[in-house]
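Student: Could we go through this structure together? I'd like to see how the labels people use follow from the values.

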Amino acid sequence: METSTANLERERLLKLAQEYRQKGYEVFFHPNPEELPDFLNNYRPDMIVRRGEENVVIEVKSRSSLNSSSNQYLGNLAQAVEKQPGWRFELVMTNPEDTMYSLKAEASLQEHEIESQLQLARQLITQHPESAILYSWSLVEATLRLIAQKEELSLQRFDPLYLIKQLATEGVISKSEYQLLMDALPLRNSIAHGFKTTQITQNYVSELIELTEQLLRTLYTGDEAG
């Protein structure tokens, strides 16, 4: 089982490396401590890719390899990376079952449905913040699919990490929007898969809802401009 998981993660890592090389990035597998900047001295990332001023620290994990210890490590690593200008953290999940959640764009909630359900998400914030962030995440994810569809992006998958990454790479969402989503995704995953978290605040959930509303407005703005 462990070998199967390790092979799955390695195959995903190799595929990612190929994708990044094709985009002009320099790829470093399992860099040695002497190859890492000082702020990563306590970590051994699966891979680092670099292009110009952009640096990405990448970890590939399967759901079966996640536990409280690895989640803590990934959380600390993400925080260390995010503090550095020009650096970003990317967690890639290998699980085949993730694709089961990949819905076709045409089956997604539409704008008016997302808007009405955002009101319910707001009502959950005070009493049930964990439920609120799960519900809000589903709505922001549906919104991102609609935006990708409108921008006519060629997507190979619809899993959230891939979707966020592609929208950021294509310049469809801003750096700050990308960062907020990347911060929220591991939190959403922790709650969805039964891990304890102490990071949720009402303001945090509100920011995610407001981002969804902001992204929805870009859909309408595009219509008016056309």
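Student: What makes up the lining of the second largest pocket, by class?

Tutor: Keep in mind that this is a predicted model. By class, that lining has five nonpolar, five polar and five charged residues. The volume of this pocket is about 290 Å³. Among the 15 residues that line it, E54, R88, A168, K175 and Y178 are the closest to its centre.

Student: Which helices and strands each supply at least two residues of that lining?

Tutor: Two strands, β3 (54–61) and β4 (87–93), and two helices, α5 (160–169) and α6 (175–192), do so.

Student: Why is one side of β1 and of β4 left without a neighbour in the sheet?

Tutor: Start with the order, which is β1-β2-β3-β4 in an open sheet with mixed pairing. β1 (26–29) and β4 stand at the edges and have a single partner strand each, so one side of each has no neighbour there. On average, neighbouring strands in this sheet are turned by 20° against each other, direction ignored.

Student: How do you know that β1 and β2 count as a pair?

Tutor: Pairing takes at least two bridges between two strands. β1 and β2 (residues 47–51) have four bridges, in the antiparallel sense, so they count as a pair. For F29, the bridge partner in β2 is M47.

Student: How does the reach of α4 compare with the span expected at 1.5 Å a residue?

Tutor: Helix α4 (residues 129–150) has 22 residues, and from first C-alpha to last it reaches 31 Å, close to the expected 32 Å. After α4 comes E152, with a positive phi near 60°.

Conventions. Residues numbered from 1 in each chain as written. Predicted model: local features only at pLDDT ≥ 70, side-chain atom pairs only at ≥ 80, totals over all residues. Heavy atoms only, no water. Expected span 1.5 Å × (residues − 1). 1 Å grid on protein atoms, 1.4 Å probe; cavity = no way out; pocket = protein on both sides within 12 Å on 5 of 7 lines; lining within 4 Å. Points joined across faces, edges and corners; volume = space filled by probe spheres on them. Nonpolar A, V, L, I, M, F, W, Y, C, P; charged D, E, K, R; others polar. Axes fitted to C-alpha atoms, helices over the stretch in contact; angles between N-to-C directions.
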